[in-house]
Amino acid sequence: MNIDSIEGIETEDAGDTRPILIIPYMWIGDFVRGHTVVRVLKQRWPNRPVDMLTTSLCAPLVDYMPGVRGKIVWDLPRGRLAVAKQLGLARELRARGYQTALIMLRTWKSAIAPTLAGIPERVGFFGEARFGLINRMRWGEKKLQRMVDQMSALALPVGAQFPSEWPVPQLRVPADETERWRQTNGLGNGPAIALAPGSVGSGKRWTYYGQAARLLAARGFDVWVVGGPGEKALATEIVAAGGAGVRDLTGTDLRNGILAMAAASVAISNDSGLMHVAAALGTPTMGIFGPTSPYHWAPLNGLAATVVTKTHVPCQPCHRPVCTMNDHRCMRDIPAADVAEIAERVLAQASAR
């Protein structure tokens, strides 16, 4: 896979072929942003294979990440040690002969299997007293405000200067796969706007997707509602409000969401995993932000439009999952008409390009 040259990151031993394992965050958006780390590693060591540990949920993302050789799908339960599962994972890692593990998570549990597997170089920031588990300990994580700095610092030599800009995450879907997905779902080839109304935490959810769907459908656009099973009830409401031009394309497999975002002309999303998916695919993406900061959480790829309220809300950004003051005005004061108007403008700009 071609990985573009990254300013400020020097290529090291091209003859080094020792395999590397990345243990990323398993939230969809953070998992996508972890592709920046892949690109940094491939710049440093072009011939070292890079694999990713993943949950079943995030596994489809790996298939579309340039520079990633493969994946290990292993679902470790939350909130308990799961000794048998850890031992099983350690056996799998040992069999694959990894020489380096980049452990982004700061939990003690995340470092157990790489340690039991005897991976010689286990790199991570200090967290939960992981002495002995992490043998290439990094410090100063709290001085790094952005997650991309925290994640990507693990892929650089100790003390190295950061590049002027980190490489952006990428997802690449073959055009024929997108076309097959359209045919399977009985979709035409006209301009389509994908709506991603879900998010982790109700505070990040804009509540006027039904109104926006109706406005966009009335203007002749195909409108798709994209998300997982948790968005099924919401999708039903949006389709009912939007009318015949609106389709419910939610499903249980993240691959369906990836292909929908790849096929869409424009994506409109809360600050959520699908926003990062759409941006990494190169789909013009509108991110609706309320309680969270676009500086910290917008995709590195950039957004076609960052949608925020025009109302001054003194508590914004609060970064809280649930609104506790000002009646959620940071999201409630973003009208559907404004979002529909911005979407038309973004689509026109994309068509002109």
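Here are some notes on the strands, one helix and the aromatic side chains of this predicted model.

1. Let's start with the open sheet. Its six strands come in the order β9-β8-β7-β10-β11-β12, and the pairing is parallel. The edges are β9 (246-248) and β12 (305-307), each of which has a pairing partner on one side only. If you ignore direction, neighbouring strands here are turned against each other by 20° on average.

2. One pairing in that sheet is worth a look on screen. Strand β10 (residues 266-270) runs parallel to strand β11 (residues 285-288), and four bridges link them. To find your place, pick Ser-269: its bridge partner in β11 is Gly-287.

3. Now go to strand β4 (residues 100-103). Thr-100 and Leu-102 point one way from the strand, while Ala-101 and Ile-103 point the other way. That fits the usual pattern, since side chains in a regular strand alternate between the two faces of the sheet. Are these four β4 residues buried or exposed? Thr-100, Ala-101, Leu-102 and Ile-103 are all buried.

4. What does β4 pair with? Strand β1 (residues 20-23) is joined to β4 by four bridges, and the two run parallel. Within that pairing, Ile-23 has Ile-103 of β4 as its bridge partner. β4 also pairs with strand β5 (residues 121-125), again in the parallel sense, over three bridges. Here Leu-102 is matched with Val-123 in β5.

5. Helix α7 (residues 175-184) has two distinct sides. Glu-177, Thr-178, Trp-181 and Arg-182 are buried. Looking down the axis of α7, the buried residues fall within an arc of 140°, so they line one face of the helix. Ala-175, Gln-183 and Thr-184 are exposed and sit on the face turned away from that buried side.

6. Which elements do the buried residues of α7 pack against? They pack against β8 (222-225) and α10 (254-263). β8 is also one of the strands in the open sheet of point 1. After α7 comes Gly-186, with a positive phi near 65°.

7. On to the aromatics: the model has seven aromatic pairs. One of them is Phe-126 with Phe-131, whose ring centres are 5.2 Å apart; the planes meet at 40°, so this pair counts as tilted. Phe-126 is partly exposed because its relative accessibility is 32%, whereas Phe-131, at 56% relative accessible area, is exposed. Another pair is Trp-206 with Tyr-208, with centres 5.7 Å apart and planes at 80°, so the arrangement is edge-to-face. Both Trp-206 and Tyr-208 are buried.

8. The Phe-126 and Phe-131 rings also belong to a cluster. Trp-139 joins Phe-126 and Phe-131 in one aromatic cluster.

9. Finally, two arginines have their charged ends over tryptophan rings. For Arg-48 the ring is that of Trp-45, and the charged end lies 4.7 Å from the ring centre. For Arg-78 the ring is that of Trp-27, with the charged end 5.1 Å from its centre.

Terms used:
Residues are numbered from 1 along each chain as its sequence is written. This is a predicted model: local features need pLDDT of at least 70, side-chain atom pairs count only at pLDDT 80 or more; totals for chains, interfaces and linings use all residues. Side-chain values use heavy atoms; hydrogens and water are left out. Rings of Phe, Tyr and Trp (its six-membered ring) pair if their centres lie within 6.5 Å; planes under 30 degrees apart count as stacked, over 60 as edge-to-face and the rest as tilted. Buried means under 20% relative accessible area, exposed over 50%, partly exposed in between (1.4 Å probe, protein chains only). A charge sits over a ring if NZ of Lys or CZ of Arg is within 6 Å of the ring centre and within 35 degrees of the ring normal. Two strands pair if DSSP finds at least two bridges between them. Axes are lines fitted to C-alpha atoms, for helices over the stretch in contact, and angles run from 0 to 180 degrees between N-to-C directions. The arc is that of the directions from the helix axis to the C-beta atoms. Contact means heavy atoms within 4.5 Å.
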